[in-house]
Amino acid sequence: MALKDRLATPKKGFFGKLKEMLLGKAIDDELYEELEELLIQSDIGMKMTMQLVEELEKQVSRNKLKTSEAVYDQLKELLREKLISNNSSDESSGVKIKDGELNIILVVGVNGVGKTTSIGKIANQLKNKGKKVIIGAGDTFRAAAIEQIEEWGKRTGIEVVKQAQGSDPAAVIFDAVSTAKNRNFDVVILDTAGRLHNKKDLMKELEKINKIIRQQSGQEKFETLLVIDSTTGQNGLEQARVFNEIVELTGIILTKFDGTAKGGIIFPISEELKKPIKFIGVGEGIEDLKEFNVKEFVEAMFD
Ligand SMILES: Nc1nc2c(ncn2[C@@H]2O[C@H](COP(=O)(O)OP(=O)(O)O)[C@@H](O)[C@H]2O)c(=O)[nH]1
Ligand SMILES: [Mg+2]
């Protein structure tokens, strides 16, 4: 299914409302105020909204824009620029797999955001591209989490390295990375628990995991993807800040774009973290994870 059909919710989302609100109107203070309100409602956040509207007003006067249609197009361009400063403008994102070495993908994020589901989807995509993929069930906190990842493994025919519930996540990571290395896998994807009850504990756990990965793989750098649920709005932004402080993120996965009319959170997240968006989740099914593409995304949001 096309991205734009996935993003369009019955409410038609923020950008539909935006168009409705803007078209045919006079360009005056009232219009800018309404615009501000809409941008804030869409989770773009206060700070970026103010910046955007200020910049928009400048450009409208500089370019002598006379119609609200032109204002709409200008805003679309401004939002596009926000995304292309941290993302390639015309290429789809996703993870780049290097041949002839073990590609490690560590997936972090708080509980319930869609880590395990995204791992299943990514593993499946890579397997379909002919890569030899293995998964490490690093969320040992709940038995259900291990069963869930095993389920994805069965569905996709992908091996899952696991241990019993309650065992040390770092031990599972150790096993998964060494198995992947010894048996010449192309990709190992590592799940984690990410309980954010305490920043210090989370930091310690992730540090330990990172150390094990480095020791076992002999690689200093690898992919670390943060998963954020786009329906959680400003909370998601706060999670992004915390994780960005404690691990070296290489990219972001934004999930549940199918369930939100507030996808605006993508803009402040992208701007604050200065990290590329790699994928967006648009449903619970195995195919429902799209490589992020700025052009396609902006078109879909504004269509
Ligand atoms: N609608 C929708 N649901 C999703 C998406 N990604 C994950 N989910 C659902 O979110 C819930 C939590 O996902 P899970 O992968 O277990 O999260 P984790 O705790 O971070 O591993 C599950 O019910 C998933 O099916 C998405 O892109 N869209
Ligand atoms: Mg999970």
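**Exercise 1. Work out where K66 sits and whether it counts as buried or exposed in this predicted model.**

Start with the neighbour count: K66 has 11 C-beta neighbours inside 10 Å. The cut-off for exposed is 12 or fewer, so K66 counts as exposed. Next, place it in the chain: K66 belongs to the loop that joins helix 4 (46–62) to helix 5 (68–84). Finally, check for a partner from elsewhere in the sequence. I27 is 39 residues away along the chain, yet its C-alpha atom and that of K66 are separated by 7.4 Å.

**Exercise 2. Take D43 and N184, find the sign of phi for each, and decide whether each is buried or exposed.**

Step one is the backbone. D43 has a phi near 80°, a positive value in a residue other than glycine. N184 isn't a glycine either, and its phi is positive too, at about 55°.

Step two is location. D43 comes just after helix 3, in the loop that leads from there to helix 4. As for helix 3 itself (residues 29–41), its 13 residues reach 18 Å from first C-alpha to last, close to the 18 Å expected at 1.5 Å a residue. N184 sits in the loop between helix 8 and strand 4.

Step three is the count. D43 has 27 other C-beta atoms within 10 Å, so it is buried. N184 has 9 within that distance, so it is exposed.

**Exercise 3. Which residues of helix 9 are buried, which exposed residues lie on the face turned away from them, and what covers the buried ones?**

First, get the dimensions. Helix 9 runs over residues 199–217, which makes 19 residues, and it reaches 27 Å from its first C-alpha to its last. That's close to the 27 Å expected at 1.5 Å a residue.

Now list the buried positions: L202, E205, L206, I209, I212, I213 and Q216. Look down the axis of helix 9 and these fall within an arc of 120°, so they line one face. The spacing rule helps here: an α-helix has 3.6 residues a turn, so residues three or four places apart point the same way.

Then flip to the other side. The face turned away from the buried side carries the exposed residues K199, K200, K204, K211 and Q215.

For the cover, the elements over the buried residues include strand 1 (103–108), helix 8 (169–182) and helix 10 (234–246). To finish, step off the end: G218 follows helix 9, with a positive phi near 70°.

**Exercise 4. Lay out the eight-strand sheet: what is the strand order, and which strands are at the edges?**

Write down the order, 3-2-4-1-5-6-7-8; the sheet is open and its pairing is mixed. The edges are strand 3 (159–161) and strand 8 (289–291), each pairing on one side only. From one strand to the next, the twist averages 25°.

Now add a helix. Helix 6 (residues 115–128) lies across several of the strands, among them strand 1, strand 5 and strand 8, and runs at about 165° to strand 2 (133–136).

**Exercise 5. Describe how strand 1 is covered and how it pairs with strand 4 and strand 5.**

Begin with burial. Six of the six residues of strand 1 are buried, so it is largely enclosed by the rest of the structure. Split them by side and both faces turn out covered: N103, I105 and V107 are on one, I104, L106 and V108 on the other.

Then take the neighbours in turn. With strand 4, strand 1 pairs in the parallel sense over four bridges; L106 has L190 as its bridge partner there. With strand 5 (residues 223–229), the pairing is parallel, again over four bridges. Partners in strand 5 include E223 for I105, T224 for L106 and L226 for V108.

**Exercise 6. Follow the chain from strand 5 to strand 6: how many bridges pair these strands, and what is the handedness of the unit they make with helix 10?**

Check burial before anything else: six of the seven residues of strand 5 are buried, so this strand is largely enclosed by the rest of the structure. Strand 5 and strand 6 are joined by five bridges in the parallel sense, and D229 has its partner T255 in strand 6. Put helix 10 between the two strands and you have a right-handed β-α-β unit.

How values were computed: Residues are numbered from 1 along each chain as its sequence is written. Chains are lettered from A and ligands numbered from 1 in the order in which they are written. This is a predicted model: local features need pLDDT of at least 70, side-chain atom pairs count only at pLDDT 80 or more; totals for chains, interfaces and linings use all residues. The expected span of a helix is 1.5 Å times one less than its number of residues. A residue is buried if 20 or more other C-beta atoms lie within 10 Å of its own, exposed if 12 or fewer, and partly exposed in between; C-beta atoms are placed from the backbone. The arc is that of the directions from the helix axis to the C-beta atoms. Two residues are in contact if their C-beta atoms, placed from the backbone, lie within 7 Å. Two strands pair if DSSP finds at least two bridges between them. Axes are lines fitted to C-alpha atoms, for helices over the stretch in contact, and angles run from 0 to 180 degrees between N-to-C directions. A crossover is right-handed if, with the strands pointing away from the viewer, the path from the first strand over the helix to the second runs clockwise.
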